[in-house]
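These are my notebook entries on the structure shown below. I looked up buried charges, strand pairing and nonpolar cores, in that order.

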Amino acid sequence: MSHVIAPPPVPSVAVHAQTQRFPVRRIYCVGRNYAAHAVEMGGTGREAPFFFMKPGDAVLPVAAGETGTLTYPSLTRDLHHEVELVVAIGQGGRDIPAARALEHVWGYAVGLDMTRRDLQAEMKKAGRPWSIGKAFEGSAPIGAITPAAYVPGIGTAAIGLVVNGKPRQAGRIDQMIWNVAEVIEHLSAAWVLAPGDLIYTGTPEGVAAVVAGEVLEASIEGLDALRVRIG
């Protein structure tokens with residue numbers, strides 16, 4: 001097949017202890033999936049999950065042991081961090097029941113959902129879509145993906161974020177309001193999932209602003225850490 005312009009490269013993410021990479025199709029994100037963060041952002045209780053998306057090329061892949069650079073984005077003075085467990089889908093489908101959902105997971109990684117919070121707040125106030133707050137270049141930093149079989153205890157793993165050596169966020173994966181299997185069930189009812197999809201599953205409380213020069217170190221027990229400098 002020929003094209004009138006050169007096709008863009010396929011975004012991809014490093015894989016733990018392998019030279020092959022994981023190709024990225026879509027990025028889905030779950031909003032307010034930890035109770036304390038939901039309260040922090042003005043929500044209450046176990047509300048039905050809601051989703052937003054980032055383009056696949058919003059990924060900022062960082063290999064294990066390396067430090068990625070995220071250029072401070074335009075139009076904002078309030079860039080926030082959100083550390084998250086990322087689910088990499090290896091088998092697609094629609095209307096996937098929670099009981100079978102983990103069969104569709106290829107692996108897991110540490111991710112950051114970076115947010116232009118001031119722009120998001122303006123859009124919320126105006127009742128408009130807030131893609132401008134979430135879906136900019138480099139807004140989805142991600143560490144190396146570890147195959148699911150290597151981390152059987154991921155459902156209870158500790159998750160945290162340190163900024164310039166000081167703890168900012170801390171929690172456990174089992175504090176999610178909707179667990180990974182339930183998220184996949186809800187998500188696949190609305191969209192057909194496919195191999196290459198990434199799901200950012202929500203963040204614990206403690207989100208805050210970062211500025212140029214700061215270093216973010218995100219971690220989840222059992223996975224390769226993610227280290228990013230704000231440029």
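**Entry 1: buried charges.** I began with E82, which counts as buried at a relative accessibility of 5%. The entry concerns a predicted model. I then asked with which residue the side chain of E82 forms a salt bridge. The partner is R117, with 2.7 Å from N to O. R117 is likewise buried, its relative accessible area being 9%.

I next looked up where the two residues sit. E82 belongs to the loop between β7 and β8, whereas R117 belongs to helix α3 (residues 117-126), so this salt bridge ties together parts that lie 35 residues apart in sequence.

**Entry 2: further salt bridges.** I noted eight salt bridges in the structure. One of them joins D113 to K134, and here the closest N and O atoms are 2.7 Å apart. The loop between β9 and β10 holds D113, and helix α4 (residues 131-134) holds K134, so the pair ties together parts 21 residues apart in sequence. I recorded both D113 and K134 as buried.

I also checked E221, which forms a salt bridge with R172; the closest N and O atoms are 3.9 Å apart. E221 lies in the loop between β17 and β18 and R172 in strand β14, so parts 49 residues apart in sequence are tied together by this pair. R172 is partly exposed, with a relative accessible area of 35%.

Which residues are linked in a network of salt bridges? I listed K54, E82, D113, R117 and K134. The two pairs E82 with R117 and D113 with K134 therefore belong to one network.

**Entry 3: strand pairing.** I traced an open sheet of three strands, in the order β10-β7-β16, with antiparallel pairing. β10 (115-116) and β16 (209-210) are at the edges with a single partner strand each, so one side of each has no neighbour in the sheet. Strand β7 (residues 79-80) is joined to β16 by two bridges, and I found H80 opposite A209 of β16.

I then turned to strand β13 (residues 158-163) and strand β14 (residues 166-172), which run antiparallel and are joined by six bridges. In this pair A158 stands opposite R172, the residue that I had already met as the salt-bridge partner of E221. The two strands form a hairpin with two residues between them. N164, in the turn, has a positive phi of about 55°.

**Entry 4: nonpolar cores.** Which members of the largest nonpolar core touch the most other members? The core has 45 residues, and I noted Y108, L112, M114, I184 and I220. At least two residues of the core come from each of β3 (27-31), β8 (83-89), β9 (105-112), β13, α5 (180-190), β17 (215-220) and β18 (226-230). The largest share, five residues, is supplied by α5.

I followed I220 further. Setting aside neighbours within four places in sequence, I found I220 in contact with E84, L85, A109, V110, I154, A157, A158, I159 and I173. A158 in this list is the residue that stands opposite R172 in the hairpin.

Finally, I recorded a second, separate core of 16 residues, which includes A109, A140, I142 and L198.

Technical notes. Residues numbered from 1 in each chain as written. Predicted model: local features only at pLDDT ≥ 70, side-chain atom pairs only at ≥ 80, totals over all residues. Heavy atoms only, no water. Pairing = 2+ DSSP bridges. Helix = DSSP H or I, 4+ residues; strand = E, 2+ residues; numbered from the N terminus. Core = buried A, V, L, I, M, F, W, Y, C linked by side-chain atoms within 4.5 Å. Buried < 20%, exposed > 50% of the residue type's maximum accessible area, 1.4 Å probe, protein only. Contact = heavy atoms within 4.5 Å. Salt bridge = Lys/Arg side-chain N within 4 Å of Asp/Glu carboxyl O.
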